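I opened my notebook for a friendly walk through this structure. Here is what I looked up, entry by entry.

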Amino acid sequence: MKPQIVIAGGGYAGLFAAARLRKYSGMKVTLIDANEHFVQRVRLHEYLAGRSVERLAYRDLLEPHGMDFVQGRIQSIQPDQQTLVLDSPEGSRILHYDWLLYALGSRTQRSQNIPGLLEHAFTLDAGPALDRAREVLQTLPAGSPVVVMGAGLTGLESATEIKEIHPHLDVTLVDAGRAFTGYTPKAEQEIRRVLKKLNIHLHENKTIARVTVDRLGFTDQSEIPCALAINCLGFEVPSLARDSGIRTAKNGQIQVDPYLRSLSHPRILALGDAAELDSSSTAAQRMSCASACPMGTYAADLLHRLQSGKKLITFRFGFTGRCISLGRRAGILQFVNAKDQPLQRFFRGRLAAWIKEMVCLGTVKVPLWELRWGVALYRWYQPKDV
Ligand SMILES: Cc1cc2nc3c(=O)[nH]c(=O)nc-3n(C[C@H](O)[C@H](O)[C@H](O)COP(=O)(O)OP(=O)(O)OC[C@H]3O[C@@H](n4cnc5c(N)ncnc54)[C@H](O)[C@@H]3O)c2cc1C
């Protein structure tokens, strides 16, 4: 009988895993996701700002290639019985697995103890609240203050995208520390130049103390007006794995061996944001699409090797760059070493914006082509020493 592979979560890691599994016969594959459609998470700021983003139905992607899709929210996992429980539109279901690819990702941090954050700030997570934030942005009168909280990659991309589409709004980017320290001085200068050109206010070293319906308060007792607040304060991992008795790090990521197998339950492979990488795989930990896609592809190849009795190869991954759009007409491609530390080299302007667009397109097109043709197309940087 064919072993049952269950892919829990159809984000980048889950989709890339399914796409590569298409190449191999001898395994029965089921992908579960709470959504009916693949969410292009790296484009959620574009969606928020008002751009249209292509939606792809899992069923159309997978079923023509003999894979099953089950829509439902996974509630718990019983790793000792190799089962999981999910709430689907048809009711509660139990599914058995021989191998579980756990790729449930992350979401915007909610656990920070900032009064009013949950009630008054929108997050960049797909769902009705994001649809509502998009609507609010379309209807705000000229001059309305929009505040993006957190000047990391998502905050920076969100603020620039919003200002480019809604130039009449007064956009502010706020950070608790000095912003853009992860770039070379020249790349940082370029980011600051673009923010200035777009007329986006930047408040650094401002720690948010509270959010109200129309204001943002800081620990230094100052306040700024705010008609719409966007929470870009980082990502957190849901507690489902820990609650299910799987060994996790403090932040809830599943701890894995160099083959991405759970340390406590080796029939579970953890992928993407949900996994804490072993230090022999990479020297850097950054929740990213850049590492989720390789992990998904690797996991599929590993299952094939296990099935066919081939020698197992450990997962290796190195970062190559940080690619950031600053609206549609500008961007920064900061080259980094495998450990994610910035190198002197960077691209800017339209070239960087174009490269970022190609990267985003690739994260959808490459798995689609692998699914269609059943061939291995995706490659990533695998340094020998990390
Ligand atoms: C606006 C924005 C821009 C970004 N830009 C970049 C970028 O430029 N480069 C980069 O490398 N990274 C970027 N990221 C980060 C990147 O999107 C994530 O690191 C990446 O999506 C992680 O992939 P994943 O497959 O692990 O998880 P996800 O993509 O989060 O997918 C998880 C999937 O699991 C499903 N799921 C979750 N819980 C359940 C459950 N209980 N039951 C069923 N299904 C469930 C979800 O519906 C989702 O489809 C960006 C993120 C955001 C928000």
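**Entry 1: the sheet**

I began with a hairpin, which β7 and β8 form with 2 residues between them. I kept in mind throughout that this is a predicted model.

Next I asked in which order the strands of the open sheet run. I found 3 strands, in the order β6-β7-β8, with antiparallel pairing. The edge strands are β6 (73–78) and β8 (91–96), and each of them pairs on one side only. From one strand to the next I noted an average twist of 20°.

I then went through the pairings one by one. β6 and β7 run antiparallel and are joined by 5 bridges. For Gln78 I looked up the bridge partner in β7, and that is Thr83. The hairpin of β6 and β7 has 4 residues between the strands, and there Gln82 takes a positive phi near 55°. On the other side, β7 (residues 83–88) pairs with β8 over 6 bridges, again in the antiparallel sense. Ser88 stands opposite Gly91 in β8.

How many residues of β7 are buried? I get 5 of the 6, so β7 is largely enclosed by the rest of the structure.

**Entry 2: the ligand surroundings**

I counted 33 residues around the ligand, and the closest are Asp33, Ile74, Asp273, Cys289 and Lys356.

I wanted the polar distances too, so I listed three of them.

- In the side chain of Lys356, an N or O atom is 2.6 Å from an oxygen atom of the ligand.
- For Asp273 the backbone is involved, with an N or O atom 2.9 Å from a ligand oxygen atom.
- The side chain of Asn35 has an N or O atom 3.4 Å from an oxygen atom of the ligand.

**Entry 3: Ala34**

I located Ala34 in the loop between β2 (28–33) and β3 (37–38). Is Ala34 buried, partly exposed or exposed? Its relative accessible area is 29%, and because partly exposed covers the range between 20% and 50%, Ala34 is partly exposed.

Leaving out neighbours within four places in sequence, I found Ala34 in contact with Gln71, Gly72 and Arg73. I also checked Ala34 against Val366: they are 332 residues apart in sequence, and their C-alpha atoms are 23 Å apart in space.

**Entry 4: helix α9**

Helix α9 (residues 289–308) has 20 residues. From its first C-alpha to its last I read 29 Å, close to the 28 Å expected at 1.5 Å a residue.

I looked at burial here as well. Of the 20 residues of α9, 14 are buried, so the helix is largely enclosed by the rest of the structure. After α9 comes Gly309, with a positive phi near 70°.

**Entry 5: Glu161**

My last stop was Glu161, which I found in helix α6 (residues 153–165). Is Glu161 buried or exposed? Glu161 has a relative accessible area of 0%, and since buried means under 20%, it counts as buried.

Which side chain makes a polar contact with the side chain of Glu161? I found Arg328, at 3.0 Å. Setting aside residues up to four places away in sequence, Glu161 touches His45, Glu46, Ala49, Arg51, Ser325, Gly327 and Arg328. Arg328 thus appears in my notes as a residue that Glu161 touches and as its side-chain polar partner.

How values were computed
Residues are numbered from 1 along each chain as its sequence is written. This is a predicted model: local features need pLDDT of at least 70, side-chain atom pairs count only at pLDDT 80 or more; totals for chains, interfaces and linings use all residues. Side-chain values use heavy atoms; hydrogens and water are left out. Buried means under 20% relative accessible area, exposed over 50%, partly exposed in between (1.4 Å probe, protein chains only). A polar contact is a pair of N or O atoms within 3.5 Å; within protein, one must be able to donate a hydrogen and the other to accept it, and residues adjacent in sequence count only if both atoms are side-chain atoms. Contact means heavy atoms within 4.5 Å. Two strands pair if DSSP finds at least two bridges between them. Axes are lines fitted to C-alpha atoms, for helices over the stretch in contact, and angles run from 0 to 180 degrees between N-to-C directions. The expected span of a helix is 1.5 Å times one less than its number of residues. A residue is near a molecule or strand if one of its heavy atoms lies within 4 Å of it.
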